[in-house]
Amino acid sequence: MSELRELPELFNVCERLRAEIGCDFVGLALQNESGPDVRWHYASGNLNDKYKRITVRFGKGIAGKIISSGSSMMITNFPNSIIGKVTDYPINLAEKLVATYAVPLFFSGIPKGVLLIGKREEYFFAEEEQEKVAESAQALEQLLKEHLF
């Protein structure tokens with residue numbers, strides 16, 4: 001799946017979302033094709049390449065929780081407003097993200113990916129911003145269906 005970084009359409013959707021919302025970070029995680037682990041495959045606005053080495057178990061970390069629940073999740077003041085340990089949120093730690101909003105990506109009706117936006121300061125993502133993330137997630141689902149599934 002390393003070829004994801006070579007998809008200009010994916011880059012365009014993520015960059016447009018980052019500009020429209022004015023967030024610091026946009027990331028895309030996908031569940032591995034074999035096994036339940038989840039990896040971050042693409043990032044925009046990243047401080048470093050640590051995201052490439054982050055793998056979380058199904059149900060763990062933001063990405064694993066989104067995929068296992070199939071619902072969105074917002075953190076407004078990391079690490080103060082979280083459930084669990086700080087180390088359960090490796091993308092927040094690696095990218096110094098304080099506020100995040102993430103939505104699932106569905107393939108054949110099953111959550112298999114995550115689109116996450118983040119800011120490096122305390123923030124509450126308004127409903128309009130949440131809708132833009134959901135719209136971008138749908139665009140990414142269509143793009144990825146053509147290339148992966």
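Author: Let's start with a measure of overall size: the radius of gyration is taken over C-alpha atoms, and the globule rule is 2.2 Å times the number of residues to the power 0.38. This is a predicted model, where local features need pLDDT of at least 70 and side-chain atom pairs count only at pLDDT 80 or more, while totals for chains, interfaces and linings use all residues. Residues are numbered from 1 along each chain as its sequence is written, and side-chain values use heavy atoms, with hydrogens and water left out.

Reader: How do you know whether the radius of gyration agrees with a compact globule?

Author: With 149 residues, the rule gives a radius near 15 Å; the protein has 14 Å, so the value agrees with a compact globule. The C-alpha atoms fill a box of roughly 40 × 35 × 30 Å along the principal axes.

Reader: What makes up the secondary structure?

Author: Four helices and six strands, in the order α-β-β-β-α-β-α-β-β-α along the sequence. These are DSSP runs numbered from the N terminus: helices are H or I with at least four residues, strands are E with at least two.

Reader: Okay, aromatic rings. How many aromatic pairs are there?

Author: A search of the whole structure finds three. Take Y123 and F125: their ring centres are 4.9 Å apart and their planes are at 70°. Rings of Phe, Tyr and Trp (its six-membered ring) pair if their centres lie within 6.5 Å; planes under 30 degrees apart count as stacked, over 60 as edge-to-face and the rest as tilted. The Y123 and F125 centres pass the distance test and their angle passes the last cut-off, so the pair is edge-to-face. Y101 joins in too, as ring pairs link Y101, Y123 and F125 into a cluster.

Reader: What lies over the face of Y123?

Author: K119, at 4.3 Å from the ring centre. For a charge to sit over a ring, NZ of Lys or CZ of Arg must be within 6 Å of the ring centre and within 35 degrees of the ring normal.

Reader: Are Y123 and F125 buried or exposed, and how do you know?

Author: Buried means under 20% relative accessible area, exposed over 50%, and partly exposed in between (1.4 Å probe, protein chains only). Y123 has 25%, so it counts as partly exposed. F125 has 0%, so F125 is buried. Across the protein, buried residues make up 45% of the 149.

Reader: What makes a nonpolar core, and how many residues has the largest one?

Author: A nonpolar core is a set of buried Ala, Val, Leu, Ile, Met, Phe, Trp, Tyr and Cys residues joined through side-chain atoms within 4.5 Å. The largest has 24 residues, and those with the most contacts inside it are L10, L105, L115, I117, V133 and L140. The elements giving two or more residues to this core are α1 (8–21), β1 (25–31), β5 (99–107), β6 (110–119) and α4 (127–147). A second, separate core has 22 residues, including A29, I75, I82 and V114.

Reader: What does I117 touch?

Author: Contact means heavy atoms within 4.5 Å. Leaving out residues up to four places away in sequence, I117 touches ten residues' worth of names you can look up, among them L17, F25, Y101, F125 and V133.

Reader: Why is S44 called what it is, buried or exposed?

Author: S44 has 2% relative accessibility, so it counts as buried. S44 is in strand β2 (residues 38–44). Apart from residues up to four places away in sequence, S44 touches E15, R18, D24, F25 and V26. By contrast, R16 in helix α1 has 47%, so R16 is partly exposed.

Reader: Which way do phi values and peptide bonds usually go?

Author: Most residues other than glycine have a negative phi, and most peptide bonds are trans.

Reader: What is the phi of K96, and of S108?

Author: K96, not a glycine, has a positive phi of about 55°. K96 is in the loop between α3 and β5, and its relative accessible area is 56%, so K96 is exposed. Phi of S108 is near 55°, again positive and not in a glycine. S108 is in the loop between β5 and β6, and at 74% S108 is exposed.

Reader: Is the peptide bond from F78 to P79 cis or trans?

Author: Cis, with omega near 5°. P79 is in the loop between β4 (73–75) and α3 (90–95).
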